[in-house]
Every structure is written in structure tokens, then in C-alpha cells.
Amino acid sequence: MKKIIIGNWKLNGNTEKITILIKKIKKNILLEKNTIIFSPPTIYIDLVKKLIRNKKFFICAQNVDKNNSGSFTGETSPEMLVDMNVKYVLIGHSERRILHKERNSFISEKFFAAKKAGLIPVLCIGENYKERKKGIAEKIYKKQIDCILKKFGVFCFKNSIIAYEPIWAIGSGKSASYKEIQKTVKFIKEYISKFDKKVAKEINILYGGSVNYEKVIEYYDKTEINGVLLGKASLDPKEFSKISML
């Protein structure tokens, strides 16, 4: 089964660096074995589109607004992303939750707006270090899922993606163990299945958080994740290509 690999570049890159990165990745990836997705800063989406024109790669926006038009300076609407042939969008990344104070209620509205426009939302969920130590991680996942599930219904998760990214692991060099990841995957599936078994079975779950090639091999072998959401590794053409070819 195809894996989903999303490279989240965050606030990195310029025209020259992105051009070199994409060209190297296109050269390294000889087989389109998996679903490979680039998530560049919004301003570079058109450049990436042109660079990947002859490859079956996809684009994921790093953010989206809940509105399609209006007086919302600096925002990008779901319909604008669709117009740019963007297929995926990150929703609720921990950096947006923390740095931009995005609450679950707001995240749920963005998720629904993205779905309504025809985008595939990638809902990022995860616990911080204190929540992990207190043993309340599953309560946090439930809240982050419930804000969408109970407001818009379980079918909002149909043809959607959930990315488990423990906050304590992002950029720390530490990653969750395969046992922790599998436990989280099982929890998500079982919880959603209470509302609809088919949706739960079909939903794709990714892992992200200080991921490297060796870790991905272990995760693929010992967990039921459907792919990975990469941060730092996505800016290294060799590392990203190796992971994409697994």
C-alpha cells in the first residue's frame, strides 16, 4: 500500500534553494512508489507547481483561513488554494496552536471550510511534555478530534488525514517510540469507530516529530501508520528521497 510523505518546509526557502531542492529530489526519486507531497510557504506554491510539472507530486498548504473571501488581510482562503491546484492543507499544527493561539473551535471551522472547498485536510494532533507526563495524552487527542467530530459529524473525516505529532518531539531530536505511536493509532481508530467503523478504517494516520530514515523503517515495520509528516528531513534532498522511496 502507498505511503503518504509530506514535507513541511515551514518558514524556510527562497527561489534558488527551492529550485535546487526540487531538482535534486526529482533526480533521486526514480519510482513514484508513494504519495509525495511538498508543503512550501504559500508565496512559493506557484514556483513549486512549475518545478514539479512533469512529476506526480502534490502540494500541501501550510495554513488556510476559514473564510473564502472578505476583509481578512494576509489570509489565504480554501477556494484560493483550490484555484492554485493545491490538494492538501495542514490544519492545527502545534506551531499554529501555540504561536498563533489557534483554539480547537477555530481549527474545527478551518477543517470544515477546507473540506467544503474540496481540499484534503491534514489535522495535526499531539500532546506536550507535561500532558505526556501526567498521562492525559489520550484526553488531549480526544478533545482535538471532538472539536470537529461533534460539531460537523464523523463523515467530515472521510477522505481526510490525521497526523500525530507529539509537541515534545518536534524539533527536539527526540521521537516517540513505535509502541507510543501504535498505541496512539489504535486509540484514534477505536475512538472514531464508535461513530462510524468504515470512516475509522479508511482514515490515514501519519506520524511526525524528529523523524529520520532509520526511524521511519522501524515505524513502518512495527506500527500501522500510513506515512510520515517530515519537518527538518524534508529540507535534506537525500534524506527526503530515501524516506520517499521506502
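The following exercises, each with a worked solution, concern a predicted model of a protein.

**Exercise 1. Overall form**

Determine how the radius of gyration of the protein relates to the globule rule for 246 residues.

Solution.
- Begin with the secondary structure: the protein has 11 helices and eight strands.
- The radius of gyration is 17 Å, and the globule rule gives 18 Å for 246 residues. The two values are close, so the protein is as compact as a globular protein of that length.
- Taken along the principal axes, the box filled by the C-alpha atoms is roughly 45 × 45 × 35 Å.
- Turn next to burial and surface. Of the 246 residues, 50% count as buried. The accessible surface comes to about 12700 Å², and carbon and sulfur atoms account for 52% of that surface.
- Finally, consider contacts between residues at least 6 apart in sequence: 71% of them join residues at least 24 apart.

**Exercise 2. The length and packing of helix 5**

Establish what span the 14 residues of helix 5 should have at 1.5 Å a residue, and compare it with the distance between the end C-alpha atoms.

Solution.
- The expected span is 1.5 Å times one less than the number of residues. For the 14 residues of helix 5, this rule leads to 20 Å.
- The end C-alpha atoms of helix 5 are 20 Å apart, which agrees with the expected span.
- The buried residues of helix 5 are I107, S108, K110, F111, A113 and A114.
- These buried residues pack against several elements, namely helix 3 (78-83), strand 4 (88-91), helix 4, strand 5 (120-125) and helix 7 (137-152).
- Just after helix 5 comes G118, whose phi is positive, at about 100°.

**Exercise 3. Cysteines without a partner**

Find how many disulfides the structure holds, and explain why the sulfur of C156 is too far from the closest cysteine sulfur for a bond.

Solution.
- The count of disulfides in the structure is zero.
- C60 takes part in no disulfide, since its nearest cysteine sulfur, that of C124, is 8.3 Å away. The cut-off for a disulfide is a pair of cysteine sulfur atoms within 2.5 Å.
- For C156, the closest cysteine sulfur is in C147, at 10 Å, and this is too far for a bond.
- Both cysteines may then be classified by accessibility. C60 has a relative accessibility of 0% and counts as buried; C156, at 7%, counts as buried.

**Exercise 4. Two lysines with positive phi**

State where K10 and K101 lie, and classify the exposure of K10 and of K101.

Solution.
- K10 is not a glycine, yet its phi is positive, at about 55°. K10 is placed in the loop between strand 1 (4-8) and helix 1 (15-28).
- K101, likewise not a glycine, has a positive phi of about 55°. This lysine, K101, belongs to the loop between helix 4 and helix 5 (104-117).
- To classify them, recall that exposed means over 50% relative accessible area and buried means under 20%. At 22%, K10 is therefore partly exposed, while K101, at 64%, is exposed.

**Exercise 5. The surroundings of S94**

Decide whether S94 is buried or exposed, and identify which residues S94 is in contact with beyond its neighbours within four places in sequence.

Solution.
- S94 is located in helix 4 (residues 94-99).
- The relative accessible area of S94 is 8%, so S94 is buried.
- With the neighbours within four places in sequence left aside, S94 is in contact with I167 and I170.

Note on methods: Residues numbered from 1 in each chain as written. Predicted model: local features only at pLDDT ≥ 70, side-chain atom pairs only at ≥ 80, totals over all residues. Heavy atoms only, no water. Helix = DSSP H or I, 4+ residues; strand = E, 2+ residues; numbered from the N terminus. Buried < 20%, exposed > 50% of the residue type's maximum accessible area, 1.4 Å probe, protein only. Contact = heavy atoms within 4.5 Å. Rg over C-alpha atoms; globule rule 2.2 N^0.38 Å. Areas by Shrake-Rupley, 256 points an atom, 1.4 Å probe, with all protein chains shown as cover.
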